[in-house]
Amino acid sequence: MKVDDLVAIDIHTHAEVSCRQEPDPYWAPYEEAAGKYFKVGKRPTIAETIAHYRAQKIGLVMFTVDTETQIGNRRIPNDEIADAARDNADMMIAFASIDPHKGRLGAREAEDLIKGGVVKGFKFHPTCQGFYPNDRMAYQLYEVIAHHKMPAIFHTGHSGIGTGMRGGGGMRLKYSQPIHVDDVAVDFPDMTIVLAHPSWPWTDEALSMALHKPNVYIDLSGWMPKYFPPQIVQYANAQLRTKMLFGSDFPLIAPERWLAQFAEVGFKPEVHDLILKKNAMRVLGLGS
């Protein structure tokens with residue numbers, strides 16, 4: 001990644017429309033509900049997403065979410081995202097997503113993806129994948145990630161997926177309470193962990209964990225900055241200035257809109273470059 005040519009690095013972008021396979025109609029109700037919640041329409045393809053970020057001179061970390069066990073929809077292949085990252089290595093990094101319920105086969109897939117040399121991290125969504133992060137079922141997958149010193153992003157807090165659907169679409173918010181990731185941070189101290197989103201309604205848990213554990217960071221995706229809980233800005237300006245990361249949650253939030261608001265909600269000028277780029281460089285192994 002040519003970081004000097006980028007204005008920021010967005011550590012949280014989604015691949016939602018494959019360029020290689022037809023959309024799975026089983027996912028359509030969840031996409032529609034999330035669209036209403038975030039007030040967005042048609043989702044871009046992977047290629048369209050990359051073109052959008054290139055035009056903005058923003059680097060991106062892209063991933064899908066493997067929800068084949070909990071929701072039952074076919075995932076976008078990790079290899080498709082890896083191939084896109086290989087072709088756009090100057091401004092894109094690929095993370096993989098593997099459903100922890102896949103057990104040893106999932107661990108094998110992680111090993112193969114890492115050996116491929118393009119995948120640089122992993123994404124978990126406990127609510128959509130239906131598991132507690134500290135469930136030992138997932139540990140054989142974490143062991144592979146930790147062995148290769150790869151970072152892992154965990155969705156935390158409220159989920160736009162399932163919001164407004166009957167029974168929340170079967171999604172259980174309890175799985176994404178950030179404190180369940182604390183055991184993972186203890187048991188895998190060499191694995192960099194990113195708690196995605198401001199973690200509402202458990203924001204203070206996430207802040208405590210990032211303060212307490214050297215390997216825990218927070219990304220600020222999924223919320224427009226003007227809606228951040230005030231303690232997010234408070235800690236980003238002080239003790240956690242090196243632990244906060246820019247993330248948008250694209251295509252649900254456009255990075256340029258997020259960046260415009262970020263400059264207006266009380267983050268001190270001296271922490272801007274840390275949050276927008278330098279902290280992500282450290283997490284992604286791109287330098288300090």
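This passage describes the sheet, the nonpolar cores and the aromatic contacts of a predicted model.

A good place to begin is the sheet. Eight strands make up an open sheet whose order is β1-β2-β3-β4-β5-β6-β7-β8, with parallel pairing. Its edge strands, β1 (8–14) and β8 (244–245), each pair on one side only. In general, strands of a sheet pair through backbone hydrogen bonds, in either a parallel or an antiparallel sense.

Strand β4 (residues 119–124) deserves a closer look. Five of its six residues are buried, so β4 is largely enclosed by the rest of the structure. Two bridges link β4 in the parallel sense to strand β3 (residues 92–96), and here A94 stands opposite V119 of β4. Between these two strands the chain passes through helix α4 (residues 103–115), giving a β-α-β crossover that is right-handed. Strand β4 also runs parallel to strand β5 (residues 152–155), to which three bridges join it; F122 stands opposite A152 of β5.

The residue F122 leads from the sheet to the interior. Together with Y142, F122 has the most contacts inside the largest nonpolar core, which holds 85 residues. With neighbours within four places in sequence set aside, the contacts of F122 include F95, A96 and I98, as well as A110 and I114. M150, P151, A152 and I153 are also among the residues that F122 contacts. Another core, of seven residues, lies apart from the largest one, and W27, Y30, A34 and I161 are among its members.

Turning to the rings, a search of the whole structure yields 16 aromatic pairs. One of them is the tilted pair of Y139 and Y142, with 5.5 Å from centre to centre and 50 degrees between the planes. Both residues belong to helix α6 (residues 139–147), and because Y139 and Y142 are three residues apart in this helix, about one helical turn separates them. Y139 is buried, at a relative accessible area of 6%, and Y142 is buried as well, at 0%. Y139 and Y142 also belong to one aromatic cluster with F124, F131, F154 and F188.

Further along the sheet, strand β6 (residues 193–196) and strand β7 (residues 216–219) pair in the parallel sense over four bridges. Within this pairing, V194 has Y217 of β7 as its bridge partner. The ring of Y217 has a charged neighbour too: the charged end of K243 sits over this ring, 5.3 Å from its centre.

Terms used:
Residues numbered from 1 in each chain as written. Predicted model: local features only at pLDDT ≥ 70, side-chain atom pairs only at ≥ 80, totals over all residues. Heavy atoms only, no water. Buried < 20%, exposed > 50% of the residue type's maximum accessible area, 1.4 Å probe, protein only. Pairing = 2+ DSSP bridges. Right-handed = clockwise from strand over helix to strand, strands pointing away. Core = buried A, V, L, I, M, F, W, Y, C linked by side-chain atoms within 4.5 Å. Contact = heavy atoms within 4.5 Å. Phe/Tyr/Trp six-rings, centres within 6.5 Å; stacked < 30°, edge-to-face > 60°. Lys NZ or Arg CZ within 6 Å of the ring centre and 35° of its normal.
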